[in-house]
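Visitor: I should like a close look at a single part of this protein, followed by an account of how other parts of the chain compare in their local detail. Please keep to what the coordinates show.

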Amino acid sequence: MSATDPNSGAAAKGSGDTAAVDESQLSEKELKKLAKQKEKQREKEEKMKKFLEKKQAQQSSKENSSNEPKKEKKKEKEKEVITYDIKTEKGGKKDTNCAMPNAYSPAYVEAAWYDWWVKEGFFKPEYGGRDPSKTKPEDKFVMVIPPPNVTGSLHLGHALTNAVEDTLARWHRMNGKMVLWNPGCDHAGIATQVVVEKKLMREQKLTRHDLGREKFVDEIWKWKNEKGDRIYHQLRRLGGSFDWDRACFTMDPKLCKAVTEAFIRLHDMGLIYRSVRLVNWSCALNSAISDIEVDKKELEGRTFLPVPGYNDKVEFGVLVSFAYPVENSEDRIIVATTRIETMLGDTAVAVHPNDERYKHLHSKSVQHPFFDRKMPIVCDDFVDMSFGTGAVKITPAHDQNDYDVGMRLKLPFLTIIDEKGNITQDCGQFAGMKRFDARKAVLQALKDKGLFIEIKDNPMVVPICSRSKDVIEPLLKPQWYVDMKDMSKDAVDAVKNGDLKLIPEMHNKTWYSWLENSRDWCISRQLWWGHRVPAYFINIDDPNIPKGTDSDGSYWVSARSKEEALQKAADKFKVSKDKIKLSQDEDVLDTWFSSGLFPFSIFGWPDQTPDLEAFYPGALLETGHDILFFWVARMVICGQKLMGKLPFKEVYLHAMVRDAHGRKMSKSLGNVIDPLDVIQGITLAELQQRLEDGNLDQKEMEKAKLGQKKDYPSGIPECGTDALRFALVAYTSQGRDINLDVLRVQGYRFFCNKLWNATKFALLSLGEDFKPTECFKLSGKEREMDKWILSRLWLAVELCTNGFASYDFPAVTTGCYNFWLYELCDWYLEYMKPIIYGQDEEAKTICRNVLYTCLDVGLRLLHPMMPFVTEELFQRLPRRHANEPPSICVTPYPAQEDFRLRNIELESNVEFTQNVVKSLRSMRADYNLTNKQKADVYLKCSDDSTGNLLKNFVDVIESSTNANTVHIITTDSPPVGCAMSTVSTKCETHLMLKGLIDVPKEISKLEGKRDALGKQLTKLQESTQKPDYSTKVPEDVRQQNSEKMTELSTGIEKLSTALSTLLTLES
């Protein structure tokens, strides 16, 4: 047969038919080649067999899939949950003699400590036998909690407040101050009443009116006693170091007494008075509400909003123009309004006195189209000639600006909307209509009369009641007011004179603006839950004395009891008591009124108690800047007026917590997070169940669920209290809102794990018999790295001390974090391992004493932010003295004067050495060297001083880079076969690769990587060069692309350098 015949043996080699080959005729080389072919063919046949079997199985499975149930996916192996299971009595000290678990577990670490702290009294100002009455004010730190509402649970904003406040309380306590952080809860008038009313309707189909006032209030107390402790449970879980024995509720008898006394005193001074003015009225709640309970919903134009009591959504965001006929004239004057229904209450039309268009109409009147009402055309400077037609309708009884004009010009005030939101009976054809039904009817009636001009979109702000979601109606109501003029001036002066310090100072401007322009404070609320107004209306059965009206303040007296009121009334009108009939005001006081008394009412005022003497005024008030006016300013004015002293010396105002996208926390967005869910962890399903249990409508719920699914696809991992607190404090930079990515908190949980593992290793390194010296002193035999870590420790102490003193919390957290993670763990622990495992006992002793000092001081630095993990680890450390404090809570904070060990020159030298190490590590990674491959290192120095510097750290460089030998050279050149990197103008690092790597193989790898990066770069460059790139691609995406291209270019350049080195080696 021909050698080229396809059926010959030579051809058969390719087909796999090797049987036709006469092997005896083949050379040894050919036999080896044939054997390889046989093996390849066997493997090929085996693969084909498996492939066919797999296909057959898939086909069979497909055919039977309708008859057989699907197999469940194999569940992932669940992580072991580590818990503290040693039996410990409540309040008993946790057992730390047991072995440390292998990994950090928040559940394990946080168990038992809090109850022990409370039982031992560490949080009480009297701890250690101290007497508050004998302690100087400068040696005390007194702070009150911003009392959270009893109605609900804490959110991350509350968690921020308490993390910052507890951090400060613990820091001051460790610095030897007598600390009182007083807890409490607010009765939250409107919020609580709404919650219980909904509960009554849901469970019993009853309204509060069905029950009556007394029984309804009993229901609220019952609810409060059942549910109201959730807040305190959360505060305990957050580790708050409160004196729980002094906890207060704003409806406690002690605080009720203070509220009554404050009202009476201010009323007797003439600072509380009765007046009829416009208020924010919620028709749904049937009550006036405060400005802080009004949400301002911004609309860009025509929008339909849901309103309680209406089946259809109501139109807002439009400007309706219509004409008023001028009396005895053919002229018409065109006005515009966003609330057309209020024209029923118009009593004038205003123009600017200098507006030439209307000068001929001065002193004339317009005719109301629906009533026999002539309305004057008045002149007022408040009118903006350039807005609209320059003519403005005036409704004094239903608009604040119009109210001011009405008061100035003495116009009639006509109320045309009642408390329930219906049109009043004197409004003719519109009487009895709901206000927003009347909106449509009035518009149609104007059209019928030919007075309608136009409707157009109009950006506007709609005031919404935050509790009922009703649209606020400004109504004239007789209410109680606090005269703010003089008290506001005193509060402004306190800041200007430096008696009161606002931190950060940028809030001074807001403080001045609000208080210098503040209106008198309406303190009446038409509710049943709260502090009932201690004022009595006087009816006198005497024909010589005229009957009084509800709005006339002279017919009211305030008193602590009805008997006292009767006596006051008799004295006031000079009649006998038997001729007087009293009726107490049905209203309650604004919740902010009782909150304004909080810094002294909690200590028993008006009684002169020991606590009031010892703890008023306080040192600091810490809260969010959003309640600077509503709460902080009111505490200041109440303290100044009733106590004659400011309630605190400093106010620290933290920023608002927003979600990771910068959005305000809102239930409808699904981004309101319970801090306990971050501490304990929660699944997405459980998060969404919370939404189901809430009060969102279906559309809002779906939106919220989508938001949760996007942000927390796998739920929220268990992070622990310490990680959450540390994250919140770390984010707290003055003046900026906090965009908190909850999942970033997990990064600080990993930091806790690093602390755990580092301390565990350190304790093993110290050994069971280690006993620290009574006080740390340098022996004089410390090596450079020992002195370096002590220098960095001193810096951390300095950063923390200065940071706390200036409320620079990021400086504190960064100082602690960098010391523990980047200095102690990354460098010193690695440096000391060869020493601890070596034979030099003296070096071991020195290392151990330095290490112990770092642990002891480092944990104390961290404790204010991370109370649980630091206590757990601190309790496992040996003590310097037998009589040291029992807890880290009451152990002194590290003082700068104890650590005068800073050596900036040494730090600079170590930093230079670290850069050398990083350069060598980077090269080892570039050339894929394993830890087992020890390479010779050559450090080419430009001068002897640099070489001598590095000689002090040869051991550090060797152990940190798996170096075989470190050679320091100045005049010689490194041998051929090295990769090179530049550290600085004074030093190059050379890594000997010859003999350690397969050069061709590494070249192939690096070329593949470079080509892959090149393709990515080319693709990105092509996309950015498209004509519409800058207009169609969002700015943030363009920024990401730009950064990615830079990153790819750097990677390609780095790979090219490495390839160049390898090609040199190959040649």
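Guide: Pro 606 sits in the loop between α17 (598-601) and α18 (610-615). In this predicted model, the peptide bond that joins Trp 605 to Pro 606 is cis, with omega at about 15 degrees. A cis peptide bond is also found between Ile 503 and Pro 504, where omega is about 0 degrees. Pro 504 likewise belongs to a loop, the one between β19 (501-503) and α14 (507-516).

Backbone angles of another kind deserve attention next. Asn 328 has a phi near 55 degrees, a positive value in a residue other than glycine. Its place is the loop between β10 (318-325) and β11 (332-337), and with a relative accessible area of 76% Asn 328 is exposed. Lys 410 is not a glycine either, yet its phi is positive at about 55 degrees. Lys 410 lies in the loop between α11 and α12 and is exposed, its relative accessible area being 75%. A glycine with positive phi can be seen after helix α19: this is Gly 644, with a value near 75 degrees. Helix α19 itself spans residues 628-643, and because 13 of its 16 residues are buried, the helix is largely enclosed by the rest of the structure.

The loop that holds Lys 410, between α11 and α12, also contributes to a charged contact. Glu 419 lies in the loop between α11 (400-409) and α12 (435-448), and its side chain meets that of Lys 477 in a salt bridge, at 2.1 Å from N to O. Since Lys 477 belongs to strand β18, this pair ties together parts that are 58 residues apart in sequence. The two partners differ in their cover: Lys 477 counts as buried at 13% relative accessibility, whereas Glu 419 counts as partly exposed at 33%.

A salt bridge can also be found within one helix. Glu 841 and Lys 844 both lie in α27 (residues 841-862), three residues apart, which is about one turn of the helix. Their side chains meet at 3.2 Å, N to O. Glu 841 is partly exposed, with a relative accessible area of 46%, while Lys 844 is buried, with 11%. Arg 902 and Glu 907 form another such pair, at 2.7 Å from N to O. Here Arg 902 counts as partly exposed at 32% relative accessibility, and Glu 907 is buried, with a relative accessible area of 8%.

Salt bridges can also be joined into a network, and one such network links Lys 124, Glu 126, Asp 243, Asp 245, Arg 246 and Asp 611. Of these residues, Asp 611 falls within helix α18 (610-615), the helix at the far end of the loop that holds Pro 606. Over the whole structure, a search finds 54 salt bridges.

Positive charge gathers elsewhere on the surface, in a patch made of Lys 198, Arg 202, Arg 467 and Lys 469. Lys 469 is placed in the loop between β17 (460-465) and β18 (473-482), and its relative accessible area of 47% makes it partly exposed. Strand β18, which closes this loop, is the strand that contains Lys 477.

Helix α6 (residues 189-204) is the place of Val 195. At 31% relative accessibility, Val 195 counts as partly exposed. The C-alpha atoms of Val 195 and Thr 773 are separated by 60 Å, and the two residues are 578 apart along the chain.

The cysteines remain to be considered. A disulfide is a covalent bond between the sulfur atoms of two cysteines. A search of the whole structure finds zero of these bonds. For Cys 98 the reason is distance: the closest cysteine sulfur, in Cys 752, is 18 Å from its own sulfur, too far for a bond. Cys 98 is partly exposed, with a relative accessible area of 23%. Cys 379 is partly exposed as well, with a relative accessible area of 30%.

Notes
Residues are numbered from 1 along each chain as its sequence is written. This is a predicted model: local features need pLDDT of at least 70, side-chain atom pairs count only at pLDDT 80 or more; totals for chains, interfaces and linings use all residues. Side-chain values use heavy atoms; hydrogens and water are left out. Patches are made of residues with over 30% relative accessible area and no salt bridge: like charges are joined within 9 Å, nonpolar side chains (Val, Leu, Ile, Met, Phe, Trp, Tyr) within 5 Å. Accessible areas come from the Shrake-Rupley method with a 1.4 Å probe; for residues, only the protein chains shown count as cover. A salt bridge is a side-chain nitrogen of Lys or Arg within 4 Å of a carboxyl oxygen of Asp or Glu. Lys and Arg count as positive and Asp and Glu as negative; His and the chain ends are not counted. The place of a charge is taken as NZ of Lys, CZ of Arg, CG of Asp or CD of Glu. Helices (H or I, at least four residues) and strands (E, at least two) are DSSP runs, numbered from the N terminus. Buried means under 20% relative accessible area, exposed over 50%, partly exposed in between (1.4 Å probe, protein chains only). A disulfide is a pair of cysteine sulfur atoms within 2.5 Å.
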